[in-house]
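Could you take me on a short tour of this structure? I have it open in my viewer and would like to know what to select next and what I will find there.

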Amino acid sequence: MTPAPRPPSAAARWEHFPHGADIGLRGFGATPEEAFEQAAYALTAAVTSTDVAPKIAVEISCEAPDAELLLVEWLNGIIYEMAVRRMLFGAFSVRIVGDRLEGTLSGEAVDAARHAPASEPKGATYTALKVARDDAGVWSAACVVDV
Amino acid sequence: MDPERLTRIDQVAWRIEPHGAMRVPGVIFADEHLIRAMDDKVFEQTVNVASLPGIVQACYVMPDAHWGYGFPIGGVAAFDPERGGVVSAGGVGFDVSCGVRTIVTRLDSKDVMRRQERIADSLESQIPAGVGSKGKIALEPGEMEAMLQGGALWAVEQGFGEPADLERIEENGRMEGARPDFVSDRAKERQREEMGTLGSGNHYLEVQAVEEILEPATAAAFGLRRGEVVVTIHCGSRGLGHQIAAEFAKEMVVAAESSAIQLPDRELACAPIDSEIGQRYLGAMRAAVNCALANREILSHHARRVFRHYFPDARLPLLYDVSHNTCKVETHLVDGERRRLFVHRKGATRALGPGHESLPEALRPFGQPVLIGGSMGTESYVLAGEAGAETRSFASACHGAGRAMSRHAALRRWNGRQIVDDLAARGVLIRSPSSRGVAEEAPEAYKDVTAVVMAAEKAGLARRVARLRPLICIKG
């Protein structure tokens, strides 16, 4: 059963930013959890420009000593599930308690013809890695992904 | 990069003078045009690498350098375990032992071009490529251990390659010191169905024609003749290497931050060579090297089957297989003393000169083949290592064209369909599941590969032997 995603806040959005050989991801949100979820949408968008249906839910968990390493672990957890399940994910839900993250990914099997995947993420990196809150209270979560 | 920040040594060598925490200088091999086009991040990352414990002589930077992860892509650095030297997961990179191999077909390009469409279609159907693709072999646990220990030798023993290939692969196709027990279950699971897959991004299988011979005697020894066809594969250790890199990078960062190692950049995740983590990483990384060597051997097997279908008498020997993301134990002369060093090459190719004892007899008088991938639609080069590279760059040369533009920018500028059509009009067939992927890999998003290899030649790192022109390119 796929959990109902929480409604996005006004701050929720994502973007890609340039890196020499690879691709930068940045998620924004009202909370660190939402910024992490938006960064995950940016990861999927680095692979496909097509919508991904949230048909199958996968639970993952990870931990790290600080928020930035936790972002890398979260994205690497998604990359791992994409690789071993041969799936793409189109909906994300994150819960963070202390140094531990629990996440739900919802997606579908890769359909090469429909999704036309442009690149295969190898791993999230520590390059341009930043989790921060701006003066307006908006959280951002960013790093470069090696593709 | 502003040349004013550098000390010019000669036409193609520049020095970053030691300053701040730098323990050795940086030395960049490039002409002035390449220097001016080079990302400032290359300067910053070279300074950071030159500051790591136990680094020896200099941090060298190849002409195709660009912004990498901790290390610049195109960076070479050697560390001495006797002087507190480190091994860096970031310095080897995510795609452990990513590399290039070239198979000689001895077929005339006119014969191949007559069947160009059919060969392209067959290769596309036989080479698993892109996100979601599966290899034709699923490895059970015992087989996984054997593959991680055996490398290309394992692949040959399984019938996915030819015994004569082995002496044409670095480490004779099998890296010693692999420790599959240091590879996590997650890394093994990620690889289970990925053997013999090409991957995505800048990886490719290309059918190429030898367009120009630049050094006839060496080209003859390499089996390269003008007008004949070769097959080149660019690929690495797939999911297993990516997973190992991600896991050890985190472990090394956390360990470094709780120890005395000051990391100027978390991406420079490293550990003392003699530490427990350092040794575990080296064992796992060597297993990933074997995975890459086995993977390229299996991909070659698939490509050979296609060629033998159309040309049953084709011999298809391997010219050479090089890895350009590695850490190898090598002996080099430093300050008049032979020292055992851990040489990291991130986006740089080992380039042994003529006479080197590690080279097979047939190649020894000429130097190691150095295979330089271009970009889809542009030329590639075969070089030969120069003896002088030993003292100039720990026997290293460039690895490819190097990106000049981000994927982001490429996607805004080009349309994949248009690129495929334009290349087809020039006689190059592209087969890729993703039009967007083709746009991101647009030939003009890369540096001029000729300028890169000319700089490597002028710097005395490697000599140009032959120039190759693409006929068919399979992209993931």
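Start by selecting residues 99–108 of chain B, which form strand S7, together with strand S11 of the same chain: in this predicted model the two pair in the antiparallel sense over five bridges. To look at one place along that pairing, show B:Thr102 and find what stands opposite: B:Tyr320, in S11(B).

Now keep S11(B) selected, residues 318–323, and display its surroundings. Is this strand mostly covered or mostly open? Mostly covered: of its six residues, five are buried.

Next, zoom out and select the whole of chain B. Colour it by secondary structure and you should find 15 helices and 19 strands. The chain is as compact as a globular protein of its length, because its radius of gyration is 21 Å, close to the 23 Å that the globule rule gives for 476 residues. If you draw a box around the C-alpha atoms along the principal axes, it comes to roughly 60 × 50 × 50 Å.

With chain B still selected, turn to how its residues are packed. Of the 476 residues, 64% count as buried. You can also follow contacts through the chain: among those between residues at least 6 apart in sequence, 77% join residues at least 24 apart.

Last stop: colour by confidence. Chain B averages a pLDDT of 95, and 100% of its residues score at least 70. For the model, the scores are ipTM 0.92 and pTM 0.96. A habit worth keeping in any viewer: where pLDDT is low, predicted coordinates should not be read in detail.

Notes: Residues numbered from 1 in each chain as written. Chains lettered and ligands numbered in written order. Predicted model: local features only at pLDDT ≥ 70, side-chain atom pairs only at ≥ 80, totals over all residues. pLDDT = per-residue confidence, 0-100. Buried ≥ 20, exposed ≤ 12 C-beta atoms within 10 Å, placed from the backbone. Helix = DSSP H or I, 4+ residues; strand = E, 2+ residues; numbered from the N terminus. Pairing = 2+ DSSP bridges. Rg over C-alpha atoms; globule rule 2.2 N^0.38 Å. Contact = placed C-beta atoms within 7 Å.
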